Amino acid sequence: LAVHHSGRGERARAREYLTHLLSAHPTSMPGHLLAGQLAQEEGKLSQALSVFLRALSLDPQEPEIHYRLSQVYRELEVLDAARSHWSRYRTAVGQVPSHRYLSCRLVLEGEPAGAQVRVDGVIVGPTPRALMDIKPGPHTLCFELDGRAVEGDVRLIEGCSYVARYA
């Protein structure tokens, strides 16, 4: 029932069922995993981390736990741990689904501020700008200001943070 309510966005109800489940079955790895996901979705990263680590202690081989830990550690900027769990996830699943990746961070800045920025042809707004969830791989950046444009190609490596500047 917790999964059902979570899937419908009824987090309070899902937490209620999870509390009962984990009270009766404190070693339920799936229960801890779902509790961590709910905390992560609510931005409670410390709580999510704690619950995912408990789930990991119950089943160190479960790929989903490593995926979730990689995402939480990335959000917390604990990059070595994020990369370690991402690597374990990738090894466990073999073929990673295209919608899953260890995101990159990209800060776009320059003088004077206010350049319009495009990433892969899509306007993302004026500088300064921080993009927190960029998919790793090749991208084209374009800064446009006062009728001038500067364009360049970059290759972002999973889990890394970058700064792109124009002058």
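Helices here are DSSP runs of H or I at least four residues long, strands are runs of E with at least two, and both are numbered from the N terminus. One such stretch of interest is the loop between β1 (104-110) and β2 (116-119), home of P112.

A bit of background for all the views. This is a predicted model, where local features need pLDDT of at least 70, side-chain atom pairs count only at pLDDT 80 or more, and totals for chains, interfaces and linings use all residues. Residues are numbered from 1 along each chain as its sequence is written, and side-chain values use heavy atoms, with hydrogens and water left out.

**View 1. The whole chain, to get your bearings.**
You'll find 6 helices and 7 strands here. Walking from the N terminus, the order is α-α-α-α-α-α-β-β-β-β-β-β-β. The radius of gyration (taken over C-alpha atoms) is 20 Å, well over the 15 Å that the globule rule gives for 167 residues, so the chain is more spread out than a compact globule. That rule is 2.2 Å times the number of residues to the power 0.38. Along its principal axes, the C-alpha trace spans about 65 × 35 × 25 Å. Of the 167 residues, 41% are buried; here buried means under 20% relative accessible area, exposed means over 50%, and partly exposed is in between (1.4 Å probe, protein chains only).

**View 2. The largest nonpolar core.**
A nonpolar core is a set of buried Ala, Val, Leu, Ile, Met, Phe, Trp, Tyr and Cys residues joined through side-chain atoms within 4.5 Å. The largest one has 20 residues, and F52, I65, L69, V72, Y73 and W86 have the most contacts inside it. Helices α3 (29-41), α4 (45-58), α5 (63-75) and α6 (79-93) each chip in with at least two residues. The largest share of this core, 6 residues, comes from α4. In soluble globular proteins, nonpolar side chains tend to be buried together.

**View 3. Zooming in on L69, then over to a second core.**
Contact means heavy atoms within 4.5 Å. Setting aside neighbours within four places in sequence, L69 is in contact with L49, F52, L53, L56 and H85. There is also a second, separate core of 13 residues, with L106, L108, V117 and I134 among them.

**View 4. M29 and its neighbours.**
M29 sits in helix α3 and counts as buried, at 13% relative accessibility. Leaving out residues within four places in sequence, M29 is in contact with A55, L58, D59, E62 and I65. L18 is 11 residues away from M29 in sequence, and their C-alpha atoms are 12 Å apart.

**View 5. R15 on helix α2.**
Look for R15 in helix α2 (residues 11-24). With a relative accessible area of 32%, R15 is partly exposed. Not counting residues up to four places away in sequence, R15 touches L38 and E42. Q61 is another matter: R15 and Q61 are 46 residues apart in sequence, and 25 Å lie between their C-alpha atoms.

**View 6. E77, between two helices.**
The loop between α5 and α6 holds E77. This residue is partly exposed, at 40% relative accessibility. Once residues up to four places away in sequence are set aside, E77 touches R105 and S161. G31 is 46 residues from E77 along the chain, and the C-alpha atoms of the two are separated by 26 Å.

**View 7. A pair of cis peptide bonds.**
E111 and P112 are joined by a cis peptide bond, with omega about -5 degrees. As mentioned at the top, P112 lies in the loop between β1 and β2. T127 and P128 are also linked by a cis peptide bond, again with omega about -5 degrees. P128 belongs to the loop between β3 (122-126) and β4 (129-134).

**View 8. Two aspartates with positive phi.**
D120 isn't a glycine, yet its phi is positive, at about 55 degrees. You can spot D120 in the loop between β2 and β3, where it is partly exposed with a relative accessible area of 42%. D146, also a residue other than glycine, has a positive phi near 50 degrees. D146 is in the loop between β5 (137-145) and β6 (148-156) and counts as exposed, at 70% relative accessibility.
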